Amino acid sequence: MKNEFLIIAIVLFAIGLTAVSVAHSATMEISIEVPALQANPYHKPYVAVWLETPERKAITTLAIWHERDTWLKDLRQWWRKVGRNAGAELDGVTGATRKPGRYRIQWDGKSSGGQPVPAGEYFLNIEASREEGGRSYHREKITLGQMATLTIPAQTELGEISITIEGKQ
């Protein structure tokens, strides 16, 4: 009798592990171009990339490129939703500002709390702000759990953005 309970417990545990590993399989790659602008003086833009629910609840920040914390408030959309309440969870996603060029961001499908984000509709937000320059903000509807490739046309402070969603949840 004890062996039957042990076998049932092992099977239930294995099913649970399978469900978690399936949920982890969705990934996303974002390719962002920082355009070369003819500005004097030129300051590299601050950039924030984050994921929200359709109800505008922040799920996770995928990247923050900045130099000084003081100017993070200039990323107005991100600051209102995530930045002003963010803490140590940003340590793994922050980096220095970038000079003109194309950059890739990889996302493992997990929330800022480390939990797999379920399949469904979300909004990917990308915001850039530059000292003595302009500002750009993109809000793109995406569906996790479906393979897709999206392209967002260039704006002033951000060049073309490509989004590739892979895997199933």
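1. A word on residue classes comes first, since the pockets discussed below are described by them: Ala, Val, Leu, Ile, Met, Phe, Trp, Tyr, Cys and Pro count as nonpolar, Asp, Glu, Lys and Arg as charged, and the others, Gly among them, as polar. With that scheme, the lining of the second largest pocket divides into two nonpolar, two polar and six charged residues. The structure under review is a predicted model, and the remarks that follow should be read with that in mind.

2. On the overall architecture, the protein contains two helices and nine strands, and these follow one another along the sequence in the pattern α-β-β-β-α-β-β-β-β-β-β. Of its 169 residues, 34% are buried. Among contacts with a separation of 6 or more, 63% are between residues 24 or more positions apart.

3. Turning to the open sheet, five strands make it up in the order β4-β3-β2-β6-β7, and their pairing is mixed. The edges are held by β4 (94-95) and β7 (135-144), each of which has a single partner strand, so one side of each is left without a neighbour in the sheet. Within this sheet, strand β2 (residues 46-52) and strand β6 (residues 120-129) run antiparallel and are joined by seven bridges; as one example of the register, V47 has A128 as its bridge partner in β6.

4. Strand β9 deserves a separate point, as it pairs with β1 and with β8. Strand β1 (residues 27-34) is antiparallel to β9 and joined to it by six bridges, with T164 as the bridge partner of E29. Strand β8 (residues 148-152) also runs antiparallel to β9, here through five bridges, and T151 stands opposite S162.

5. Which residues of strand β9 point to the buried face, and which to the other? Along this strand (residues 161-166) the side chains of I161, I163 and I165 point to one face and are buried, whereas those of S162, T164 and E166 point to the other and are not. In a regular strand the side chains alternate between the two faces of the sheet. Two of the residues on the face that is not buried have already appeared as bridge partners, T164 opposite E29 and S162 opposite T151.

6. T61 is a residue worth inspecting in the model. It is found in strand β3 (residues 58-65) and counts as buried because its relative accessibility is 9%, where the cut-off for buried is under 20%. The side chain of T61 makes a polar contact of 3.2 Å with the side chain of W78. Leaving aside neighbours within four places in sequence, T61 is in contact with V49, W50, W78, V82, L90 and V93.

7. The largest pocket has a volume of about 300 Å³. It is lined by 18 residues, of which T60, T61, E89, S111 and S112 are the closest to its centre, and the elements that give two or more residues to this lining are β3 and β5 (101-107). The largest share, five residues, comes from β3. By class, the lining of this pocket has eight nonpolar, six polar and four charged residues.

8. The second largest pocket holds about 220 Å³ of space, and the residues lining it are H43, K44, Y46, E67, R68, W71, D74, S129, R130 and E131. One of them, W71, is placed in the loop between β3 and α2 (76-81) and counts as partly exposed because its relative accessibility is 43%. Although W71 and E131 are 60 residues apart in sequence, their C-alpha atoms are 8.9 Å apart in space.

9. A last point concerns T97, which lies in the loop between β4 and β5. Is this loop residue buried or exposed? T97 counts as buried because its relative accessibility is 8%. Its side chain is joined to that of E67 by a polar contact of 3.1 Å, and E67 is among the residues that line the second largest pocket. Beyond neighbours within four places in sequence, T97 is in contact with K44, P45, Y46, W65, H66 and E67; K44 and Y46 are likewise included in the lining of that second largest pocket.

Conventions: Residues numbered from 1 in each chain as written. Predicted model: local features only at pLDDT ≥ 70, side-chain atom pairs only at ≥ 80, totals over all residues. Heavy atoms only, no water. Pairing = 2+ DSSP bridges. Helix = DSSP H or I, 4+ residues; strand = E, 2+ residues; numbered from the N terminus. Buried < 20%, exposed > 50% of the residue type's maximum accessible area, 1.4 Å probe, protein only. Polar contact = N/O pair within 3.5 Å; in protein donor to acceptor, adjacent residues only side chain to side chain. Contact = heavy atoms within 4.5 Å. 1 Å grid on protein atoms, 1.4 Å probe; cavity = no way out; pocket = protein on both sides within 12 Å on 5 of 7 lines; lining within 4 Å. Points joined across faces, edges and corners; volume = space filled by probe spheres on them.
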